[in-house]
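Take a look at the complex below. The text then walks through how its chains meet, what fills the core, and which residues merit a second glance.

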Amino acid sequence: MIVRKLALLALFASSLVPLAQAQIKHIEMRVEGMT
Amino acid sequence: MKQHLGRQSGVEKVDVSLIDGKVDVTPKDDGQIDPIQLLKATYDSGVTAAEMTMTAQGKIVKDPSGNLALKINPNQSFVITPNELSKTLEPLADSQTVVTVRGHLFKKPAGKKKAAPATPLKLLLLEVQKKD
């Protein structure tokens with residue numbers, strides 16, 4: 001029973017990892033007309 | 001402009017270089033930042049955005065029209081403009097692979113004084129930095 005719960009937890013965690021890594025890291029803009 | 005951009009949701013830090021007109025925006029750790037809002041905030045502060053480049057991590061997906069897109073989260077994805085680099089990412093479409101890419105989200109057309117960004121923004125890949 002515990003093994004089954006652990007396996008389900010591992011499966012759930014592995015599905016979350018790629019989404020947790022996904023993000024905008026940096027944005028760079030070049031602008032005109034700045035004083 | 002620095003203060004105006006700094007107030008936008010998801011912005012951690014804004015660095016402005018007056019000499020070369022460069023603005024660096026560092027998102028907060030959660031990465032929940034909206035480039036369109038940043039462009040709007042830039043226009044609202046009275047300057048013209050000539051170019052916007054983004055570095056982002058996400059998964060490559062195919063949208064219902066068959067276009068490749070970079071999916072950052074369930075609510076945020078950017079259609080990828082086809083080029084040589086995008087072809088190298090085609091095999092990763094709809095896989096679990098997370099890629100880190102850098103690309104243009106907006107570039108003002110040459111000769112125009114002010115150009116409103118097309119929405120939704122399209123990502124023109126400049127570099128594929130990492131595939132996990």
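Two strands count as paired when DSSP finds at least two bridges between them. In this predicted model, β1(A) and β3(B) go well into that definition: they pair in the antiparallel sense over 9 bridges. One position shows the register. A:His26 has B:Thr55 of β3(B) as its bridge partner.

That pairing belongs to a wider interface. Here 16 residues of chain A are in contact with 31 residues of chain B. On the chain A side, α1 (2–21) and β1 each supply at least two residues. The most comes from β1(A), with 10 residues. By class, this side of chain A has 8 nonpolar, 4 polar and 4 charged residues. For the complex, the predictor gives an ipTM of 0.85 and a pTM of 0.78.

Next, the interior. Nonpolar side chains tend to be buried together in soluble globular proteins. The largest nonpolar core in this model has 29 residues. Which of them have the most contacts inside it? They are A:Ile27, B:Met52, B:Leu70 and B:Ile80. Both chains feed this core: β1 of chain A gives two or more residues, and so do β2, α2, β3, β4 (68–73), β5 (76–80), β6 and β7 of chain B. The most comes from β3(B), with 5 residues. Thus β3(B) appears twice in this account, as the pairing partner of β1(A) and as the element that gives the most to the core.

B:Leu70 shows the packing in detail. Neighbours within four places in sequence are left aside here. B:Leu70 is then in contact with B:Ala56, B:Gly58, B:Ile60, B:Ser77, B:Phe78, B:Ile80, B:Val101 and B:Leu123. One of these, B:Ile80, is itself among the core residues with the most contacts.

Now turn to helix α2 of chain B, residues 35–44. Its buried residues are B:Pro35, B:Leu38, B:Leu39 and B:Thr42. Why do they lie on the same side of α2(B)? Because they cover an arc of only 100° around the axis. What do these buried residues pack against? In chain A, the partner is β1 (23–32). In chain B, the partners are α1 (2–6), β2 (22–27), β3 (48–62) and β6 (98–107). After α2(B) comes B:Gly46, with a positive phi near 90°.

A second positive phi deserves a look. Most residues other than glycine have a negative phi. B:Asp94 is not a glycine, yet its phi is positive, near 60°. B:Asp94 is found in the loop between α3 (84–89) and β6 of chain B. Is B:Asp94 buried or exposed? It counts as exposed, because it has 10 C-beta neighbours inside 10 Å.

B:Gln129 is exposed too, but sits in a strand, β7 (residues 122–131) of chain B. It counts as exposed because it has 12 C-beta neighbours inside 10 Å, and 12 or fewer is the cut-off. Beyond its neighbours within four places in sequence, B:Gln129 is in contact with B:Thr100, B:Val101 and B:Arg102. B:Asp34 lies 95 residues away from B:Gln129 in sequence and 22 Å away in space, C-alpha to C-alpha.

Finally, confidence. Chain B has a mean pLDDT of 88, and 92% of its residues reach 70 or more. Within chain B, confidence is lowest in α1(B), at a mean of 80, and highest in β6(B), at 94.

Technical notes. Residues are numbered from 1 along each chain as its sequence is written. Chains are lettered from A and ligands numbered from 1 in the order in which they are written. A residue is buried if 20 or more other C-beta atoms lie within 10 Å of its own, exposed if 12 or fewer, and partly exposed in between; C-beta atoms are placed from the backbone. Helices (H or I, at least four residues) and strands (E, at least two) are DSSP runs, numbered from the N terminus. The arc is that of the directions from the helix axis to the C-beta atoms. Two residues are in contact if their C-beta atoms, placed from the backbone, lie within 7 Å. Ala, Val, Leu, Ile, Met, Phe, Trp, Tyr, Cys and Pro count as nonpolar, Asp, Glu, Lys and Arg as charged, and the others, Gly among them, as polar. A nonpolar core is a set of buried Ala, Val, Leu, Ile, Met, Phe, Trp, Tyr and Cys residues joined through C-beta atoms within 7 Å. pLDDT is the predictor's confidence in each residue, from 0 to 100.
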